[in-house]
Each structure stands twice: as structure tokens, then as C-alpha cells.
Amino acid sequence: MKFIFFITFLSTFLSGVSIEEKVGAILMCPIHGEEVTEQVKSFLKETKISGIILYNWSNDITSSKKIRPFIKALQKESIENTGSPLFIGIDQEGGRVDRLKKGYPSAEKIAKTMTPGETFVLAQEMAEELHFLGINLNFAPVVDINSNPENRVIGDRSFGKDPKIVTAFGQAFAKGLQNGNVFPCLKHFPGHGDVSDDSHYTLPVSYKTLNELMEMELIPYMEIDSPFIMTAHILFPHIDPNYPATLSKIFLQDILREKLGYKGLIITDSLRMDAIATKSLGEVAIDAFNAGNDILLIGGSRLVENDPGFNMEQVKEVHLALVEAVKKRRISEERLNESFQKIQVLKESLKNGQFQNPIDFL
């Protein structure tokens, strides 16, 4: 009942929110360090970004004494600036993508040695650790089907090559995270398991048809409920010969929204990855939003220990480019309002602890 009232309230609230604040709500990025400096405060106040993603190269994630107060201070600034908490995200999959360095098993090992029930418990324990730190969004589970043995990017990050197994374990993992008060995010839509190239460095290409995807890669997305889905920077010439999935209206609007009926938030993989670095970062962000993404992730660009190319000025430039695009009607303000409203609904669920079925209110 409280959610229904809040959604009704949003329709009148929207008219009083500036374009600048609405644009900030669709942006997510890292922030270097473990202190909320005056520079960081100024950045948050100016951009009003929606979320922060934590990386080992940008933050000392493994030190709870540092990261807990850092996240708490970030949330204090966000609530003062926007009235809403931040999404605090992390890639905590397990295996070789184990940001907390806790020794969690890979998805492949989980599927080989555990049951879905045991996976649920493991994911809940993981979520409780994340929640303790103040992290409320995990970019997991990976629901890519590991159908290509030459795939260096996914490999043991996948639960396997059988879509039924991937779906069963992915669903258990997602539910376990939600039970531990952390939002899951399925990735990488529509499927990263059948390509051999790494989108951090180049644009992977898959020649699968839509029917082939429906019979394999898209099965987890049809079966698993999740408030977030992350896109993949992959080109499918037989489906959309012009744009990779992240920038494709065909994939995000026609397939994910219309054909699969997805109602949650769509978030890009990092827009700084080389696979889609064909224009300025601002122009890529405009294209990604117009394609159908709700949140634009301005994250890391390469798999390196340190990423000196990233800075807050880049995000400010993207923010400005998006604001100008709205004012010049290159981006529909109605479309911006739709994403802003979805984001606010999930942020309200953060405040109320409604992690179980927030997608029901979208």
C-alpha cells in the first residue's frame, strides 16, 4: 500500500525535479579512495548520480574498517542532496571475480559441487557480508551459457553449458542475494557465452539468430525475476547489424521489454570499454540511453590494476552532454521520466527494506 501511494506521489513530484537531477539519476560510476573529500561532496552535489560501483583498483574493498564508513558517508551526502540513497554496486560473483577476496567458489564449481538449495544459502551468506559493508547491489549472477569452449571472458564464471542448469542455479543465486537484502543483477544480456573475444578490448560478434538465442541464451532471462539486468557489448549481425546489444533498440526494447516482458531496470556494462568506444563518451551515453538503458555505468575500461583514465570530470562531461541532449530533444524527457520513476521506486524499496519483490511495483 505504501508503494502504491509512493508511485502516485511520483507523478506529481516529477514536475518539480530538474533535468539535471533526472540525468544524474541515470548515472553510476566509481569514486577513488575511501574518504568523502570536499571534492567528492562537490561532485555528488553537482551531478546527483544514482550510484557508485566499487572496484579493487579504486577502493580498498577488503577493509571493512575503511569501506563501511566510506559508504555510510556517501549515503549521507546522497540523501542530503537528493532525498534518496545511492545504489552501491559491486561485481561479487565468486571465483576469479571475487572482489571481497573471500574465496567464494566460481559459478562453474558451484554447479558441479552444490545443489540449487545450497547455492541459495551461499548467496544469502554473500549478501549478508555485502549488506554489512553497505553494498546493496551485486552485479551477479552471471547467467551466460558457456557454450563456446574458446570463450576466455566467461568460462568458469558460468554455471555451465546447459540453459536449464544455468537457470536453476542463477535463480537460486539471485533469490539468495535478495534474501540477504542485496539486489541481484543478471548479466550479460543477451548472452556472452558464445563469443571468444573480450569486450573490454574489442567488439565481440555472434552470428546467432533470434530463434537460436531464444532456445539457449535467453532462457534464463525468461525464467529468472531480477530488478536489474546488465547488457553486453556484443554485435549480433543477424538480429541488429548496426548496433551492439547495449546500443540496440531491437535488443532492449523489442526483445527484452516487448518479447520477454521485462519490467525492471536495464543497466549498461561499462561504457568505457573498448568494444563501444567509437564516439565520445557523451555521445555513447546518449546512444545507450536512447536504446533503452535506464542506468548508464561509467566504469572501468580495461582489466588492469589501476585505471588512471577514469576521473570525476569525465562523468561531469557525460552529465552535461545528456542534459544538453534532453534540452535539444535528442533525448525524450518523457523517456527520461520513465527511467527516473523506475529508479526512484527501487530506491524507495531500499529505504523500506523491500528487497524480495521490488520488480512487482515497476
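**Exercise 1. How many helices and strands does the secondary structure of the chain come to?**

Let's start with an inventory of this predicted model.

Step 1. Going along the chain, the secondary structure comes to 13 helices and ten strands.

Step 2. Now consider the overall dimensions. The C-alpha atoms fill a box of roughly 50 × 45 × 45 Å along the principal axes.

Step 3. For 362 residues, a compact globule would have a radius of gyration near 21 Å, and the chain's 19 Å agrees with that.

Step 4. Two further figures complete the overview. Buried residues account for 57% of the 362 residues. Among contacts with a separation of 6 or more, 78% join residues 24 or more positions apart.

**Exercise 2. Work out the strand order of the open sheet, and explain why one side of β9 and of β10 is left without a neighbour.**

Step 1. Eight strands make up the open sheet, and their order is β9-β8-β7-β6-β3-β2-β1-β10. The pairing is parallel.

Step 2. Look at the two ends of that order. β9 (265-267) and β10 (296-297) stand at the edges with a single partner strand each, so one side of each has no neighbour in the sheet.

Step 3. Zoom in on one pair. Strand β1 (residues 27-29) and strand β2 (residues 51-53) run parallel and are joined over two bridges. Met 28 has Gly 51 in β2 as its bridge partner.

Step 4. A reminder for the bench: strands of a sheet pair through backbone hydrogen bonds, either parallel or antiparallel.

**Exercise 3. Describe how helix α3 meets helix α4.**

Step 1. Find α3 at residues 38-47 and α4 at residues 64-82; their axes come within 9 Å and cross at roughly 35 degrees.

Step 2. Next, the handedness: α3 passes α4 in a right-handed crossing.

Step 3. List the residues that make the contact. From α3 they are Val 40, Lys 41, Leu 44 and Lys 45, and from α4 they are Leu 74, Glu 77 and Asn 81.

Step 4. Sorted by class, this contact has three nonpolar, one polar and three charged residues.

**Exercise 4. Is Asn 293 buried or exposed, and where is its place?**

Step 1. Asn 293 has its place in the loop between α11 (281-291) and β10.

Step 2. Its relative accessibility is 0%, so Asn 293 counts as buried; the cut-off for buried is under 20%.

Step 3. Check its surroundings. Leaving aside neighbours within four places in sequence, Asn 293 is in contact with residues including Thr 231, Thr 246, Ile 266, Ile 267, Arg 335 and Ser 339.

Step 4. Finally, compare sequence with space: Asn 293 and Gln 253 are 40 residues apart in sequence, and their C-alpha atoms are 9.1 Å apart.

Definitions and conventions: Residues are numbered from 1 along each chain as its sequence is written. This is a predicted model: local features need pLDDT of at least 70, side-chain atom pairs count only at pLDDT 80 or more; totals for chains, interfaces and linings use all residues. Side-chain values use heavy atoms; hydrogens and water are left out. Axes are lines fitted to C-alpha atoms, for helices over the stretch in contact, and angles run from 0 to 180 degrees between N-to-C directions. Helices (H or I, at least four residues) and strands (E, at least two) are DSSP runs, numbered from the N terminus. A crossing is left-handed if the near helix is turned anticlockwise from the far one by less than a right angle, and right-handed if clockwise. Contact means heavy atoms within 4.5 Å. Ala, Val, Leu, Ile, Met, Phe, Trp, Tyr, Cys and Pro count as nonpolar, Asp, Glu, Lys and Arg as charged, and the others, Gly among them, as polar. Two strands pair if DSSP finds at least two bridges between them. The radius of gyration is taken over C-alpha atoms; the globule rule is 2.2 Å times the number of residues to the power 0.38. Buried means under 20% relative accessible area, exposed over 50%, partly exposed in between (1.4 Å probe, protein chains only).
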